[in-house]
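Visitor: Please give me a close look at a single loop position. Then work outward from there to the rest of the chain.

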Amino acid sequence: MQSLVERLRSGNPRALARGISMVENHTPGWLDLLKSLFPFSGHARTIGMTGAPGAGKSTLVDQLAKHYRRENHTVGIIAVDPTSPYTGGAILGDRIRMQEHFSDPGIYIRSMATRGSLGGLARATADVAMVLDASGRDIVMIETVGVGQDEIDVVRVADITGVILVPGMGDDVQTIKAGIMEIADIFVINKSDHEGAERVEREIRALQSLAVWADNWIPPVVKTVATEAKGITDLAEAISNYEAYLGEQNLLLQRRAQNWETRLLEMLRDTLLEKARAAMSDGDLSRFAAEIAEHRRDPYSVIEEVLASMTDC
């Protein structure tokens, strides 16, 4: 394990790939690996990019990665892809779109399947981001699967979140304002050369005039045309400005602490669920379900019985 940790921390791509696979698949030793790496994390800037399907997230992340590499920053990219209905793996659309980076050792790209996880992020995404951070990457970018109103998990992992909008999506901002609008630190209007870009900006500004921002930061609106690399420098500058603001106001540590409150509850829930599942055989689960369906038992007593069996273990 120590050898893997040392090779991973040195940036060895094979060690990084092996470590991430261990974490993603819960291979024996994955928890010890995370415990060993955690003290070396916390230095990378984690940027989340989220938005509706077709907003151009992959192209935007691709262009941002190029920008950061020109500034000699090392980059890790987590592309959360839809799950294949046949294999359960990632469909890998994002890696296909970013394949020109494969020869650059300064960029590491990992596709992850959602595997049915709601919220736009695979369950192991936060842990994989930490592994990339501990490997010495300066910037970790997380691109979420196309999201809707309730799928906003990226904000619990990222230090800075960009919400990507595009013109011509029905009611534009109105269609998603109740969900991911509130998580934006930066608004990006991609494909801004299309008709309707000005209207999207006006709608964002109108919503901002009604909103109250917890950190008193009013998210800037950046226009991009990712396919032509237009506006990428402006976007990188907006990200840098917000990072500086977090530092000046001493908000980064506060934000990370808030994120950890949520994550600790999620980790506790997942761990308890795994223990509960281990305490029951498939036969037990089927028997309980049949008894409840036939109204021979109530589900609340069943849960109490399972919890009691976990305590006895």
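Guide: Start with N250. At 58% relative accessibility, N250 counts as exposed, because the cut-off for exposed is over 50%. Keep in mind that this is a predicted model. N250 sits in the loop between α8 and α9. Its backbone deserves a look. N250 is not a glycine, yet its phi is positive, at about 55°. Most residues other than glycine have a negative phi.

Now the two helices on either side of this loop. Helix α8 covers residues 232-248. Among the elements of the chain, α8 has the highest mean pLDDT, at 96. Helix α9 runs over residues 252-279.

Both helices lead to a pocket. The second largest pocket has a volume of about 600 Å³. It is lined by 29 residues, and the closest to its centre are E182, D185, A214, D215 and R255. Three elements give two or more residues to this lining: α7 (197-210), α8 and α9. Helix α9 gives the most, with 5 residues. By class, the lining has 18 nonpolar, 5 polar and 6 charged residues.

A second asparagine makes a good companion to N250. N72 also has a positive phi, about 70°, although it is not a glycine. It lies in the loop between α4 (57-70) and β2 (75-81). With a relative accessible area of 63%, N72 is exposed, since that value is over 50%. A positive phi turns up at a glycine too. Just after α6, G136 takes one of about 100°.

From α8, go to strand β1, residues 45-51. R45 belongs to this strand. What does R45 touch, beyond residues up to four places away in sequence? The list is Y68, D138, I139, V140, D159, I160, I239 and E243. I239 and E243 fall within the span of α8, residues 232-248. Y68 falls within α4, residues 57-70. R45 is buried, with a relative accessible area of 16%, so it falls under the 20% cut-off. One partner is distant in sequence. R45 and D138 are 93 residues apart along the chain, and their C-alpha atoms are 6.4 Å apart.

Further along β1 comes G48. G48 is buried, with a relative accessible area of 0%. Leaving out residues up to four places away, G48 touches I142, V154, A158, I160, T161 and G162. I160 is thus a contact of G48 and of R45. D159 is also worth a glance: its C-alpha is 7.7 Å from that of G48, across 111 residues of chain.

Step back to the loop ahead of β1. F40 lies there, between α3 (30-37) and β1. Is F40 buried, exposed or partly exposed? It counts as partly exposed, at 33% relative accessibility. Apart from neighbours within four places in sequence, F40 is in contact with R9, D133 and A134. R9 is 31 residues away in sequence, with a C-alpha to C-alpha distance of 8.5 Å.

D133 and A134 bring in α6, where both are buried. Helix α6 runs over residues 125-134. Its 10 residues are buried, 10 of 10, so the helix is largely enclosed by the rest of the structure. Among them are T125, D127, M130 and L132.

Now the chain as a whole. It has 313 residues, and buried residues make up 47% of them. There are 11 helices and 7 strands. Take contacts between residues at least 6 apart in sequence: 75% join residues at least 24 apart. The accessible surface comes to about 16,200 Å², of which 53% belongs to carbon and sulfur atoms.

Last, confidence. Mean pLDDT is 84 for the chain, and 82% of residues reach 70 or more. Helix α8, next to the N250 loop, has the highest mean of the elements, while helix α5 (residues 93-97) has the lowest, at 49. Over residues 83-92, pLDDT stays under 50. The model has 22 contacts beyond four places in sequence for that stretch. Where pLDDT is low, the predicted coordinates should not be read in detail.

Note on methods: Residues are numbered from 1 along each chain as its sequence is written. This is a predicted model: local features need pLDDT of at least 70, side-chain atom pairs count only at pLDDT 80 or more; totals for chains, interfaces and linings use all residues. Side-chain values use heavy atoms; hydrogens and water are left out. Helices (H or I, at least four residues) and strands (E, at least two) are DSSP runs, numbered from the N terminus. Buried means under 20% relative accessible area, exposed over 50%, partly exposed in between (1.4 Å probe, protein chains only). Contact means heavy atoms within 4.5 Å. pLDDT is the predictor's confidence in each residue, from 0 to 100. On a 1 Å grid over the protein atoms alone, a cavity is a set of points where a 1.4 Å probe fits but cannot get out, and a pocket is an open set with protein on both sides within 12 Å along at least five of seven lines; lining residues have an atom within 4 Å of a point. Grid points are joined across faces, edges and corners, and a volume is the space filled by probe spheres set on the points. Ala, Val, Leu, Ile, Met, Phe, Trp, Tyr, Cys and Pro count as nonpolar, Asp, Glu, Lys and Arg as charged, and the others, Gly among them, as polar. Accessible areas come from the Shrake-Rupley method with a 1.4 Å probe; for residues, only the protein chains shown count as cover.
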